[in-house]
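Visitor: Please take a close look at the metal site of this protein and the strands and loops around it. I would like one connected account that I can follow along the chain.

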Amino acid sequence: MLTPRQRVILRQIVSPPYIYRWAGLLTTLALMTGVTFVVLSDVGSREVLATGAAPAVSTGPAGRPVRSAADAPALGMPGMARPAITPSLLTVTDSSVDRPAVALTFDDGPTPQYTPQVLDLLAEYNVKATFCTIGNQSVAHPELMQRIIAEGHRLCDHTMTHDATVGQNPHDLMSRQLGTSRTTIAGSVDPPATIDYFRAPEGAWTPALDQVAAETGMRPLGWSVDTLDWTQPGTAAIVNSVKQGMHPGAIVLFHDGGGPREQTVEAVRQLLPWIQEQGYQTVFPS
Ligand SMILES: [Zn+2]
């Protein structure tokens, strides 16, 4: 027989309210124990990571707008993961000098209005650039082509007529077109220049165009910093796009033709000293 006191105790233990309170207390304790264990485990693993070999971390700049959605390789700078930018991006390197290298490119010329101004500025700062010229304009302005070569710059094939659909053509036609533009641009100077690069107008690359350019002896030349100068956004906007987008290995896209380019010329006037102050050396894409 239970005493009255024992009955009270028994009733308190087995009565529902107490069962729920005990269950709640035990569940809370279990959860707190679990959380404490997880937190301590995490801290431990972080300490291991911090003292061990650091994982590879991308130090690249913010991604630039992708001009073409095709499969784009990264820039390929050693030890640096770069965002995919353009299908045919080349690496800009010059191992002979221990300074970060960048390349400046000027498209859609030559034009009597702007190309000489750009060349004057490049000469003033002893900077070499690559000019992606249009075949018909190269023939129309051989004196400008001659000056580009004479002053140590390089040429790039930008098709005969700035044909942005060339990459859609059948292989044979595409091959003839690039062969003609390359020969024409090369032959616009005396002796004929070497044309190592091809740049698709409007960045309208196709895998077939890449292949034909290579078959024709030219390396597809992409870019990683698009100044959008052809939209005439204002000199300050062009300057800022370069200052914000510049990075070791950058290929910068300007235009010295195709429309009014006073803003481009003024931006280049402001940017050349800045580029040198930043410690960059200007090289040709390689
Ligand atoms: Zn162009």
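Guide: Donors are N, O and S atoms within 2.8 Å of the metal, and water is not among the atoms, so sites may look incomplete. The model is a predicted one. With that cut-off, the donor residues of the zinc ion follow the sequence spacing D-x49-H-x3-H. Asp 108 and His 158 connect distant parts of the chain, being 50 residues apart. Asp 108 sits in the loop between β1 and α3, and His 158 in the loop between β3 and α6. The protein donor atoms are OD of Asp 108, NE2 of His 158 and NE2 of His 162, lying 2.1 Å from the zinc ion. Both Asp 108 and His 158 are buried.

Asp 108 deserves a second look for its backbone. Its phi is positive, near 75°, in a residue other than glycine. Asp 108 counts as buried because its relative accessibility is 8%, and the cut-off for buried is under 20%. The loop between β1 and α3 also holds Pro 110. The peptide bond that leads from Gly 109 to Pro 110 is cis, with omega near 0°.

Now the strands. Strand β1 covers residues 101-107 and pairs with β2 in the parallel sense, over 3 bridges. Across this pairing, Phe 106 stands opposite Phe 131 of β2. The connection runs through helix α3 (residues 115-124), and β1, α3 and β2 together make a right-handed β-α-β unit. In the loop between α3 and β2 lies Asn 126. Asn 126 has a positive phi, about 55°, although it is not a glycine. In contrast to the buried Asp 108, Asn 126 counts as exposed because its relative accessibility is 59%.

Strand β2 comprises residues 130-133. In a regular strand the side chains alternate between the two faces of the sheet. In β2, Thr 130 and Cys 132 point one way, Phe 131 and Thr 133 point the other way, and all are buried. β2 also pairs with strand β3 (residues 154-157), again in the parallel sense, over 4 bridges. Thr 133 has Asp 157 of β3 as its bridge partner. The loop between β3 and α6 is where His 158 is found, and this brings the account back to a donor of the zinc ion.

Further along the chain, the loop between α6 and β4 contains Pro 191. Asp 190 and Pro 191 are joined by a cis peptide bond, with omega about -5°.

Helix α7 spans residues 207-215, and Leu 209, Val 212 and Ala 213 are buried in it. These three cover an arc of only 105° around the axis, which puts them on the same side of α7. The general rule is that an α-helix has 3.6 residues a turn, so residues three or four places apart point the same way. The buried residues of α7 pack against α6 (171-187), β4 (195-198) and β5 (219-220). After α7 comes Gly 217, with a positive phi near 95°.

One last residue is Thr 235, placed in helix α8 (residues 235-245). Thr 235 counts as buried because its relative accessibility is 19%, and buried means under 20%. Leaving out residues up to four places away in sequence, Thr 235 touches Gln 263, Glu 266, Ala 267 and Gln 270.

How values were computed
Residues are numbered from 1 along each chain as its sequence is written. This is a predicted model: local features need pLDDT of at least 70, side-chain atom pairs count only at pLDDT 80 or more; totals for chains, interfaces and linings use all residues. Side-chain values use heavy atoms; hydrogens and water are left out. Buried means under 20% relative accessible area, exposed over 50%, partly exposed in between (1.4 Å probe, protein chains only). Helices (H or I, at least four residues) and strands (E, at least two) are DSSP runs, numbered from the N terminus. The arc is that of the directions from the helix axis to the C-beta atoms. Contact means heavy atoms within 4.5 Å. Two strands pair if DSSP finds at least two bridges between them. A crossover is right-handed if, with the strands pointing away from the viewer, the path from the first strand over the helix to the second runs clockwise. Donors are N, O and S atoms within 2.8 Å of the metal (3.2 Å for Na, K and Ca); water is not among the atoms, so sites may look incomplete.
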